[in-house]
Amino acid sequence: MALKVIPYEQGFDLRLWPSRLSQPASWKKPRMIFVNSMSDLFHKKIDRDHIDLVFDAMEKADWHVYQVLTKRSSLMRNYVRRRYGGAPVPSHIWLGTSVEDAAHKGRIRHLRQINSEARFISFEPLLGRIGEVDLSDIAWAIVGGESGPRARRMAPEWATELRDRCREEGVAFFFKQWGGPRPKSGGRLLEDREWNGFPWQIVPSEILQSLRA
């Protein structure tokens, strides 16, 4: 929606697609929209004016749920504070950060400083043990291993520790994949079962029935 990477045509150079910002308004049935699946809305080369346009589009088409994921958690926090002041972020806009190992746990602190009930964390690819972590006020945790020809192994205990922490804190836990040469190489069973937790309780009530249909 905001930023698209074209690996074959342009390598991994940054390219913006402002023409796509009008698409959500044309989709009348509510959807879950991952705003930047191969990019980062808070990339240092994306100016604030474009981020404003993205948030304008999300606020306008408010019958969808949007997931915004970034590694630049402090920039997202600062932007949201400027845009909304002390008011909460609209409940249909979910804000998340990626945390791949213990060295990046500080991003969770930034996320928790945002006035929102729809905070989520992607522990993917999980490249090391997270250790002690405060998941209070987090709605959803997604865990997954790395995929690709040089994928690094994810130890089972790294994932189970996070699952157990989610249980303690009442956080919805989703185990996405073990990873490997291809995303589905290792399957997605953790201790012989699937974990498909989803934070339905934070989906706005007017959208919930349509998404569950």
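**Close-ups of a predicted model**

**View 1. Contacts that span the chain.** Take the contacts in the protein with a separation of 6 or more: 66% of them come from residues 24 or more positions apart. Keep in mind that this is a predicted model. As for burial, 47% of the 213 residues count as buried.

**View 2. The run of helices and strands.** Count along the chain and you get six helices and six strands. Starting at the N terminus, they go α-β-α-β-α-β-α-β-β-α-β-α. The radius of gyration is 17 Å, close to the 17 Å from the globule rule for 213 residues, so the protein is as compact as a globular protein of that length. Along the principal axes, the C-alpha atoms fit a box of roughly 40 × 40 × 35 Å.

**View 3. His-92, in a loop but buried.** His-92 sits in the loop that links α3 (73-84) to β3 (93-98). With a relative accessibility of 7%, His-92 counts as buried, because the cut-off for buried is under 20%.

**View 4. What His-92 touches.** The side chain of His-92 gets to the backbone oxygen of Met-58 at 2.8 Å. Leaving aside residues up to four places away in sequence, His-92 also has Glu-59, Ala-61, Asp-62, His-64, Val-65 and Tyr-66 among its contacts. Pro-204 and Ile-207 are on that list too.

**View 5. The outside and its charges.** About 11,300 Å² of the protein is exposed, and carbon and sulfur atoms supply 49% of that. On the charge side, there are 34 positive and 26 negative side chains. The centres of these two sets lie 4 Å apart.

Methods
Residues numbered from 1 in each chain as written. Predicted model: local features only at pLDDT ≥ 70, side-chain atom pairs only at ≥ 80, totals over all residues. Heavy atoms only, no water. Helix = DSSP H or I, 4+ residues; strand = E, 2+ residues; numbered from the N terminus. Buried < 20%, exposed > 50% of the residue type's maximum accessible area, 1.4 Å probe, protein only. Polar contact = N/O pair within 3.5 Å; in protein donor to acceptor, adjacent residues only side chain to side chain. Contact = heavy atoms within 4.5 Å. Rg over C-alpha atoms; globule rule 2.2 N^0.38 Å. Areas by Shrake-Rupley, 256 points an atom, 1.4 Å probe, with all protein chains shown as cover. Lys, Arg positive; Asp, Glu negative; His and termini not counted. Charge placed at Lys NZ, Arg CZ, Asp CG, Glu CD.
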